[in-house]
Amino acid sequence: MIKHPLYIKAACAISPQHSFGDTPVLDPVVPSEGNRFVAVDVDYRAFINPVAIRRMSRLLKMSISAAMKCLQNAGVSMPDAIITGTGRGSAGDMQHFLKDMIMMKEEALNPTFFIQSTYNAPNGWIALQSKSTGYNQTFVHRGISLELALLDAQLLLTETGDNQNILIGSYDETTADYFVVKEKLNYWKKETVASEHLYQNNETLGTIAGEGAAFFVVSGEKEGATCSIESLEIIHQPAPTMIRNKVHEVLAANGLTTDDIDVVLCGRSGDVRFEAWYNVLEDFTTQTIAGFKHLCGEYETTSGFALWLAHHIFSQASVPESTILQKGDRKEIRHVLIINHFILDTVSITLLRG
Amino acid sequence: MEKIVVSSVGILSALGCGMHQNIQALLQKKSGLHFPVHLQSVHAQEFLLGEVNFSNEEMAMLVGLQENMQGLTRTTLLSLVALQELMGKIDRALLRDEPVALINASTVGGMCSVEDHYLDFIEPGKRGDFIQYINSSDCGDSTERAARYFGLKPLMATISTACSSSANAVIMGARLIQQGVVKRAICGGTDALCRFTLNGFNSLKNVDKGPCRPFDQTRFGLNLGEGAGYLLLEKEEDAKARGAEILAYLGGYANSNDAYHPTAPSPDGAGAFRTMEQALKHAKLQPEDISYINAHGTATINNDAAEGLAIQQLFAEKVPYFSSTKAFTGHTLAAAGAIEAIFSIISLQQQAVFANLNFTTPMEELSITPVTDTLENVPVQHVMSNSFGFGGNNVSLIFSK
Amino acid sequence: MIIFAAHVFLSFMEDLKTTLKQQIIESLNLQGMKPEDIDDNAPLFGDGLGLDSIDSLELMVLLERNYGIKIEDAREGRKVLGSVQTMAEYIQQHRTV
């Protein structure tokens, strides 16, 4: 889908792990509790105006802080555009308002929860805080929400020229309600699994729930960028062979073979239903294969965490030990391939170049 | 840049099902607002709403799904009925054989069903029929169901930017075509009335119990509505090559952000001004080229003041006919941008501008007033359609003859 | 007798204002503030506590939930919500619970 490289100038993630950069990254690794990951809070007050922060939900605080920190990292005060993707937006506020409405029989309801339940509420706040009056967009399409935001960014750079700084982001939270609701659709494992053993527990339905916010400053200009997104493909309700074919198609379209790939980040989640979707990993025998859902859990925009991890790998020129599923023989990291899925739904394939 | 045209539309609103009923209501100044029949709410007899005059079962029959309503919400049904009209003007095989996008919009997905079952949803261990509605809480649910129903494998996207959602869907579709990602795009949005939204706006104390009065000094707030609207976009040459009737040209558009407040527009209308100005620039038009503005005009205190000031400032001595059609349909939220885009196309086709219903008293802060009667035989060359949402998300679209 | 009644009224009014301040702090999540930090007559909006239009809606919810007072018109609400003093006086006159 992407015809024009998107250069990533900065990345910032708030996740269940230490990923924000204010403490050593991914050290120590934080385990899940009861098949659920909760994002590590950061000092939100450093990024959000104190009058505004009073009423904000955790999701808003997470997304605004990750966005503002990302802009700082990129040395950009005002992005030219803000494009986000989210599966569920401020699910907590939406649930709060909904439950109050039912309990209070539609009387005396707090407007704050309604206002903040709007999917694009973080976009509005980020625009306000960064005084960005440019293009502003929010995609809400399950497991491909962030991917659509990246596609949109690429369209925008082609239209406006390469020198634009676009803030891209994803955010999703797992509330107690959501955990219960999706349990009914077998999203989570029935047996409690230690997150470090997620990939060995791959014979039962379900995985571990997670959440997080990840933001990126992208531009069409190479200067100052750590890596670039060269290719991005989405497959709906795929068969395993379709995924394998698409991966090879993407590589061929970029003049590459599997040999050129140094690291594969895979979205395996220990859910028996989707293990076959990763059969294509058999074609990568000498490459490092790394997982990330044992660190961030499952939610619609895990691709944000994966992209942050890829950026981290390029900037450190090494793959964190805690992510490695198969150790490869490469000395240099030039190409990273992300293969990710969301429950029952979609697979995305992202090719990055260092 | 190649010209993007609208070659088919589909609409379902409180004014009726399909283009014909909507055109008749607009020309005859017949508002679709009434006390709801289908929405179950303790406030049902308090608020006038733009409810679509179909039950879910009736809509399911219209699309032949009465035997298979598993997990089907009113949000999706509204969407399917509107899309069915759009599909009438294009060979379905073309949509299968050539790359197409389906860009949908929704503010609360299947909330209309979710709110009926939420306590069952969150009761640990509880199972039952309600489970069919769990995944309808995703905004993308209606998009995926529509693609499946029409047998398409499109590039799918769902947008949610509050009240500008489907106007953004139109922009996204046009851009995907311009850059050759797809050949055609079906763009629009759907939202069903639900207690969540009604109580949400009521908690903001900006819902009028009587008919709303856009751009009027005595306005109090909005009326909510529901519906769905979709536009088929393609390049002019592609439409001509398949002998399609060209309904209108999408001349230009703009999306920009207020960066002022989480819900309120900048009081001086700076955000609305910037968006309209950028849309004109994108369409390579001057303010005096616009024949009619279908305003966002929600009849809330804040919106109409900001939008009115922005129109007054941008169009100065040559303010064109402008009106809000929200008093016809109610505010249909994620569907509003597409429904009003279709009204703009009707304006071009009928050479008519539509009455801003219920207007009596000019606003103190404005020297301009909306058009109070539906006028036919008016030369309409270019129409601007505004959609402004929470989060400062502003969109203006320009359609041309 | 008259002096006694006025005394009761005044202390009742003082209690109401203290309760109200506590409720405002909780409802608006004014972290770190104590009832004594809020002056009875200081404007709640604008330069006073720096509250905004959404806070004013939240305060109307507070009045409805705690005192059974329903204000339909946000503009009317703004007058009532001038200060803790004006709120307390309005509650005195209109409370239903």
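C:Glu58 sits in helix H2 (residues 53-67) of chain C. In this predicted model, C:Glu58 is buried but takes part in no salt bridge. Elsewhere, the whole structure holds 48 salt bridges over all chains, and the largest pocket encloses about 860 Å³ of space.

**The buried glutamate of chain C**

- The nearest side chain of opposite charge to C:Glu58 is A:Arg55, at 6.1 Å. A salt bridge needs a side-chain nitrogen of Lys or Arg within 4 Å of a carboxyl oxygen of Asp or Glu, so the pair of C:Glu58 and A:Arg55, 6.1 Å apart, does not count as one.
- Neighbours within four places in sequence aside, C:Glu58 is in contact with A:Asn110, A:Pro111 and A:Thr112 of chain A, and with C:Ser27 and C:Leu28 of chain C.

**Salt bridges in chain A**

- A:Glu300 and A:Arg88 form a salt bridge through their side chains, with an N to O distance of 2.9 Å.
- A:Glu300 lies in the loop between helix H9 (293-296) and helix H10 (302-316) of chain A, while A:Arg88 lies in the loop between strand S2 (81-85) and helix H3 (91-103) of chain A, so this salt bridge ties together parts that are 212 residues apart in sequence.
- A:Glu300 is buried, because its relative accessibility is 2% and the cut-off for buried is under 20%. A:Arg88 is buried as well, at 7% relative accessibility.
- A second salt bridge in chain A joins the side chains of A:Arg330 and A:Asp329, again with 2.9 Å from N to O.
- A:Arg330 is partly exposed, with a relative accessible area of 25%, and A:Asp329 is partly exposed at 48%.

**Salt bridges in chain B**

- The side chains of B:Glu226 and B:Arg74 form a salt bridge with an N to O distance of 2.8 Å.
- The two residues are 152 residues apart and link distant parts of the chain: B:Glu226 is in the loop between helix H8 (195-203) and strand S6 (227-235) of chain B, and B:Arg74 is in helix H3 (residues 74-87) of chain B.
- B:Glu226 counts as buried, at 0% relative accessibility, and B:Arg74 is buried with a relative accessible area of 7%.
- One network of salt bridges with shared partners takes in B:Glu98, B:Lys183, B:Arg184, B:Glu234, B:Asp238 and B:Arg242.

**The largest pocket**

- The largest pocket, with about 860 Å³ of space, is lined by 37 residues, of which B:Asn206, B:Ala264, B:Pro265, B:Thr300 and B:Asn302 are the closest to its centre.
- Elements of two chains each give two or more residues to the lining: helix H11 (301-315) and strand S12 (382-389) of chain B, and H2 and helix H3 (74-80) of chain C.
- H11 of chain B supplies the largest share of the lining, five residues.
- H2 of chain C, one of these lining elements, is also the helix that holds C:Glu58.

**Backbone geometry**

- Most residues other than glycine have a negative phi, and most peptide bonds are trans.
- A:Asp27 and A:Pro28 are joined by a cis peptide bond, with omega about -5°. A:Pro28 is in the loop between strand S1 (6-14) and helix H1 (50-53) of chain A.
- A:Ala317 is not a glycine, yet its phi is positive, near 55°. A:Ala317 lies in the loop between H10 and strand S9 (324-326) of chain A, and is exposed, with a relative accessible area of 56%.
- B:Phe215 also has a positive phi, about 55°, without being a glycine. B:Phe215 is in the loop between H8 and S6 of chain B, and at 1% relative accessibility it counts as buried.
- The loop between H8 and S6 of chain B that holds B:Phe215 also holds B:Glu226.

**Annotated domains**

- An unreviewed UniProt entry assigns "domain: Beta-ketoacyl synthase-like N-terminal" to residues 45-179 of chain A. Over residues 45-179, chain A is 53% helix and 13% strand, with end C-alpha atoms 28 Å apart.
- For chain B, an unreviewed UniProt entry lists "domain: Ketosynthase family 3 (KS3)" over residues 1-401. Residues 1-401 of chain B are 33% helix and 19% strand, and the end C-alpha atoms of this span lie 18 Å apart.

Key
Residues are numbered from 1 along each chain as its sequence is written. Chains are lettered from A and ligands numbered from 1 in the order in which they are written. This is a predicted model: local features need pLDDT of at least 70, side-chain atom pairs count only at pLDDT 80 or more; totals for chains, interfaces and linings use all residues. Side-chain values use heavy atoms; hydrogens and water are left out. Helices (H or I, at least four residues) and strands (E, at least two) are DSSP runs, numbered from the N terminus. Buried means under 20% relative accessible area, exposed over 50%, partly exposed in between (1.4 Å probe, protein chains only). Lys and Arg count as positive and Asp and Glu as negative; His and the chain ends are not counted. Contact means heavy atoms within 4.5 Å. UniProt positions are given in the numbering used here, feature names are shortened, and annotations may be inferred rather than shown by experiment. On a 1 Å grid over the protein atoms alone, a cavity is a set of points where a 1.4 Å probe fits but cannot get out, and a pocket is an open set with protein on both sides within 12 Å along at least five of seven lines; lining residues have an atom within 4 Å of a point. Grid points are joined across faces, edges and corners, and a volume is the space filled by probe spheres set on the points.
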